[in-house]
Each structure stands twice: as C-alpha cells, then as structure tokens.
Amino acid sequence: MPIYKIAELNILIKPIYSLVKNRLEPYLTEAESFDFDASADEEAVAAFCKRCRYEYPPEAAESTLVLTAICNRILESYNGFFFHSSCLAMDNEGYMFTA
C-alpha cells in the first residue's frame, strides 16, 4: 500500500503507470495509515482520455487525475490554498512572477 507524504499529509496513491510512480517516489513514506486516497483507477483514466478533444496518453491522464484529487481534497478538507509562481531568464535578466 504505497503512501506518500505530501503537504504534511499521508496520501494513499496506487499508481498504474510508471510516470506517476516515478514522480511520486521521492515522497514515499513508511506510514501505515493515510489521510485520504487520491488514486485513479483504470476506468477513470479511460473516461478522462475519452472526454479529451485531443489524444491524451493514459499516463498523463492518471497524473492529471491524481494531482486534481490531491488539490481538491486539500482545498476542500484542509483549509489549503495553492500559490503559483515561476521565473524565467531572458536577455541575461531574470524575471519572477506569481499568479
């Protein structure tokens, strides 16, 4: 039962594809209990891919579904918020911004 420590929460995620498993590997914990399950099953992945207007790889669909489940649960149940920021280099200058 793979449990990952993300945002100080123990989250059960049962990866189907190696993309998600590899991305989550640094967060793997030995905890035996979890706060919630953010797994996406094969049926949900297939339904997501079918709804997309463009071809969407199942590996990417699983990643999207898992991340969405984590974000929604943190926002709904843990008084969380998300803050996006980024930076780039252009013409030997650095630019940082938030949204």
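Biologist: Let me start with one residue: does asparagine 79 count as buried or exposed?

Modeller: Asparagine 79 is exposed, because its relative accessible area is 76% and the cut-off for exposed is over 50%. One thing to keep in mind as we go on: this is a predicted model.

Biologist: Where along the chain is asparagine 79 placed?

Modeller: Asparagine 79 is in the loop between helix H3 and strand S5. The C-alpha atoms of asparagine 79 and leucine 67 are 17 Å apart, with their positions 12 residues apart along the chain.

Biologist: Now backbone angles. What sign does phi have in most residues?

Modeller: Most residues other than glycine have a negative phi. The asparagine 79 that comes after H3 has a positive phi, near 50°.

Biologist: What is phi in alanine 7, and where does alanine 7 lie?

Modeller: Alanine 7 has a positive phi near 55°, and it is not a glycine. You will find alanine 7 in the loop between S1 and S2. With 56% relative accessible area, alanine 7 is exposed.

Biologist: And what about phi in aspartate 91?

Modeller: Aspartate 91 is not a glycine either, yet its phi is positive, about 55°. Aspartate 91 sits in the loop between S5 and strand S6, residues 93-98. Its relative accessibility is 68%, so aspartate 91 counts as exposed.

Biologist: Let me step back to the fold. How many helices and strands does the chain have?

Modeller: There are three helices and six strands. In sequence order they give the pattern β-β-α-β-β-α-α-β-β. The radius of gyration is 16 Å, well over the 13 Å from the globule rule for 99 residues, so the chain is more spread out than a compact globule.

Biologist: What box do the C-alpha atoms fill?

Modeller: Along the principal axes, the C-alpha atoms fill a box of roughly 45 × 35 × 25 Å.

Biologist: How would I judge burial and surface for the chain?

Modeller: Look at the share of buried residues and at the atoms that face outward. Of the 99 residues here, 23% count as buried. The chain exposes about 7500 Å², and carbon and sulfur atoms supply 52% of that area.

Biologist: What share of contacts joins residues far along the sequence, at least 24 apart?

Modeller: Take the contacts between residues at least 6 apart in sequence: 50% of them join residues at least 24 apart.

Biologist: Let's turn to helix H3. How do I check its span?

Modeller: Compare the distance between its end C-alpha atoms with what 1.5 Å a residue would give. H3 covers residues 58-77, which is 20 residues, and reaches 28 Å, close to the expected 28 Å.

Biologist: Which residues of H3 are buried, and what do they pack against?

Modeller: The buried residues are Ala61, Glu62, Ser63, Val66, Ile70, Cys71 and Ile74. Their packing partners are strands S1 (3-6), S2 (9-12) and S4 (36-37), together with helices H1 (18-24) and H2 (42-51).

Biologist: How is alanine 60 of H3 classed?

Modeller: Alanine 60 lies in H3 and is partly exposed, because its relative accessibility is 24% while buried would need under 20%. The C-alpha atoms of alanine 60 and phenylalanine 97, 37 residues apart along the chain, are separated by 27 Å.

Biologist: Which residues form the nonpolar patch on the surface?

Modeller: Leu75, Phe81, Phe82 and Phe83 form that patch, with about 490 Å² of accessible area together. Phenylalanine 81 lies in the loop between H3 and strand S5, residues 85-90. At 65% relative accessibility, phenylalanine 81 counts as exposed.

Biologist: For a contrast, is asparagine 10 buried or exposed?

Modeller: Asparagine 10 is buried, with 14% relative accessible area, and its place is in strand S2. Apart from neighbours within four places in sequence, asparagine 10 contacts Ile3, Tyr4, Lys5, Thr29, Ala31, Ser33, Phe34, Asp35 and Phe36.

Biologist: Last one: which residues does threonine 98 touch?

Modeller: Threonine 98, in strand S6, touches Phe83, His84 and Ser85 once residues up to four places away in sequence are set aside. Phe83 is also one of the patch residues we just met. As for alanine 7, its C-alpha atom is 20 Å from that of threonine 98, 91 residues away along the chain.

Conventions
Residues numbered from 1 in each chain as written. Predicted model: local features only at pLDDT ≥ 70, side-chain atom pairs only at ≥ 80, totals over all residues. Heavy atoms only, no water. Helix = DSSP H or I, 4+ residues; strand = E, 2+ residues; numbered from the N terminus. Expected span 1.5 Å × (residues − 1). Buried < 20%, exposed > 50% of the residue type's maximum accessible area, 1.4 Å probe, protein only. Contact = heavy atoms within 4.5 Å. Patch = residues over 30% accessible without salt bridge, like charges linked within 9 Å, V, L, I, M, F, W, Y side chains within 5 Å. Areas by Shrake-Rupley, 256 points an atom, 1.4 Å probe, with all protein chains shown as cover. Salt bridge = Lys/Arg side-chain N within 4 Å of Asp/Glu carboxyl O. Rg over C-alpha atoms; globule rule 2.2 N^0.38 Å.
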